[in-house]
Amino acid sequence: QVQLVESGGGLVQAGGSLRLSCAASGRPFSWYAMGWFRQTPGKEREFVTAISQVGDNIYVADSVKGRFTISRDNAKNTVYLQMNSLKPEDTAVYYCAAALWGWGNSGRYYDSNKYHYWGQGTQVTVSS
């Protein structure tokens, strides 16, 4: 299995930027497609963005397109989420997740059930 630890969350003013990191340990990182999700109290976990095992495919939710960028460094076993032009509605707990061997034939990168491992989450708060 793989262990995931997120970092980089915090409090930022609207319009600001944050970069989240998710460090993985355990099985080879390149075996996993990675995703970022977010969740606010009382709501379901929401897909944000995902990246394939070698980074050749990237998917981004419409709500963050043009503002958030996912990347990965397989040599460092880390996936990143660069968040720019943050809005108060981006406030949430952000989770990274790993899908062993990718999302399968369905290609449902946005489906949290396709991910096998999750980090503990990191809080992002955007003030207006």
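Here are a few worked exercises on the structure above.

Before you start: this is a predicted model, where local features need pLDDT of at least 70, side-chain atom pairs count only at pLDDT 80 or more, and totals for chains, interfaces and linings use all residues. Residues are numbered from 1 along each chain as its sequence is written, and side-chain values use heavy atoms, with hydrogens and water left out.

**Exercise 1. Find which residues of the largest nonpolar core touch the most other members, and which strand supplies the largest share.**

Step 1: Get the terms straight. A nonpolar core is a set of buried Ala, Val, Leu, Ile, Met, Phe, Trp, Tyr and Cys residues joined through side-chain atoms within 4.5 Å. Buried means under 20% relative accessible area, exposed over 50%, and partly exposed in between (1.4 Å probe, protein chains only).

Step 2: Pick out the hubs. The core has 37 residues, and L4, M34, W36, F68, V79, M83 and Y94 touch the most other members.

Step 3: Go strand by strand; strands are DSSP E runs of at least two residues, numbered from the N terminus. β1, β3, β4, β5, β7, β8, β9 and β11 each supply at least two core residues. The largest share, seven residues, comes from β9.

Step 4: Zoom in on one hub. Skipping neighbours within four places in sequence, V79 has contacts (heavy atoms within 4.5 Å) that include L20, C22, W36 and I70.

**Exercise 2. Work out which side chains make polar contacts with the side chain of R38.**

Step 1: Locate R38. You'll find R38 in strand β4, and R38 is buried at 6% relative accessible area.

Step 2: Look for partners. A polar contact is a pair of N or O atoms within 3.5 Å; within protein, one must be able to donate a hydrogen and the other to accept it, and residues adjacent in sequence count only if both atoms are side-chain atoms. The R38 side chain reaches the side chain of D90 at 2.9 Å, and the side chain of Y94 at 2.9 Å.

**Exercise 3. Trace the order of the four strands in the open sheet.**

Step 1: Two strands pair if DSSP finds at least two bridges between them. The order is β1-β3-β8-β7, with antiparallel pairing.

Step 2: Find the edges. β1 and β7 each pair on one side only.

Step 3: Check one pair. β1 and β3 share six bridges, and S7 stands opposite S21 in β3.
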